[in-house]
Amino acid sequence: MRFRPSAVAAAIIALSAGAARAESVPFVCEMQPDHQTIRIVLSNPAQRERSCIASCQFQTPLYGGEVQIICAHPVAADAKDIEMCRKDSGGQQLIKQTFGSADCYND
């Protein structure tokens, strides 16, 4: 069965129209002094509570090794520097942050 490109594009647009829009928000991924614990802090500048998600990746000494920490939960309106989570790396020594992102969703 073959799909016409215009039909596929229309289906994608229809599906994404109902999806919640995400907005990048200020955040920090803090490696703690033990080099195995990460603390993720973010702010929700909106005037209403929103569902937020933050992700931080850190390099490990293992060849090609990285650890990713993800936190998600509602954050109050106008919240500043809220601790999303504090998690350990599962015993992996962390070297440096390689990636990070944080978004809050406009439901």
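Me: A polar contact is a pair of N or O atoms within 3.5 Å, in which one atom must be able to donate a hydrogen and the other to accept it. The structure above is a predicted model. What makes the approach of Ser-43 and Asp-81 a polar contact?

Reply: The backbone nitrogen of Asp-81 lies 2.9 Å from a polar atom of the Ser-43 side chain. The cut-off is 3.5 Å, so this pair is within the limit and counts as a polar contact.

Me: Why is Ser-43 called buried, and where in the chain is Ser-43 found?

Reply: Ser-43 belongs to strand β3, residues 37-44. Its relative accessible area is 11%. Buried means under 20%, and therefore Ser-43 receives that name. In the protein chain, 29% of the 107 residues count as buried.

Me: What is the overall order of helices and strands?

Reply: The protein chain has one helix and seven strands. Along the sequence they follow the pattern α-β-β-β-β-β-β-β.

Me: How do you know that Cys-29 and Cys-56 form a disulfide?

Reply: Their sulfur atoms are 1.8 Å apart. A disulfide requires two cysteine sulfur atoms within 2.5 Å, so the pair qualifies. The angle about the S-S bond is -70 degrees, and the link is left-handed. This disulfide joins distant parts of the chain, with Cys-29 in strand β2 (residues 27-31) and Cys-56 in strand β4 (residues 50-59), 27 residues apart. Both cysteines, Cys-29 and Cys-56, are buried.

Me: What makes Cys-52 and Cys-104 a disulfide?

Reply: The distance between their sulfur atoms is 2.0 Å. That value is within the 2.5 Å cut-off, and the pair is therefore a disulfide. With 100 degrees about the S-S bond, this link is right-handed. Cys-52 is in strand β4 and Cys-104 in strand β7 (residues 96-106), so the pair ties together parts that are 52 residues apart in sequence. Cys-52 and Cys-104 are both buried.

Me: Why is the pair of Cys-71 and Cys-85 also called a disulfide?

Reply: The S to S distance is 1.6 Å. Since the limit is 2.5 Å, this pair too meets the definition. Cys-71 sits in strand β5 (residues 66-75) and Cys-85 in strand β6 (residues 79-88), 14 residues apart. Both of these cysteines are buried.

Me: How many disulfides does the whole structure contain, and what is their pairing?

Reply: A search of the whole structure finds three disulfides. When the bonded cysteines are numbered in sequence order, the pairing is 1-3, 2-6, 4-5.

Me: How do you know that β4 and β5 pair?

Reply: These two strands share 10 bridges in the antiparallel sense. Pairing needs at least two bridges, so the requirement is met. Within this pairing, Ser-55 has Ile-70 of β5 as its bridge partner. The strands β4 and β5 form a hairpin with six residues between them, and Gly-64 in the turn has a positive phi of about 70 degrees.

Me: What makes β7 another partner of β4?

Reply: β4 and β7 are joined by nine bridges in the antiparallel sense. At least two are required, and therefore they pair. Here the bridge partner of Ser-55 is Ser-101 in β7.

Me: Why is Ile-53 called partly exposed?

Reply: Ile-53, a residue of strand β4, has a relative accessible area of 32%. Partly exposed covers the range between 20% and 50%, so the name applies. Together with Ile-70 and Tyr-105, Ile-53 forms a nonpolar patch on the surface, with about 220 Å² of accessible area.

Me: What is notable about phi in His-35 and Asp-78?

Reply: Most residues other than glycine have a negative phi. His-35, however, has a positive phi of about 60 degrees although it is not a glycine. His-35 is found in the loop between β2 and β3. Asp-78, in the loop between β5 and β6, has a positive phi near 55 degrees.

Me: What are the relative accessible areas of these two residues, and what do they imply?

Reply: His-35 has 31%, and Asp-78 has 36%. Each value falls between 20% and 50%, so both residues are partly exposed.

How values were computed. Residues numbered from 1 in each chain as written. Predicted model: local features only at pLDDT ≥ 70, side-chain atom pairs only at ≥ 80, totals over all residues. Heavy atoms only, no water. Helix = DSSP H or I, 4+ residues; strand = E, 2+ residues; numbered from the N terminus. Buried < 20%, exposed > 50% of the residue type's maximum accessible area, 1.4 Å probe, protein only. Patch = residues over 30% accessible without salt bridge, like charges linked within 9 Å, V, L, I, M, F, W, Y side chains within 5 Å. Areas by Shrake-Rupley, 256 points an atom, 1.4 Å probe, with all protein chains shown as cover. Salt bridge = Lys/Arg side-chain N within 4 Å of Asp/Glu carboxyl O.
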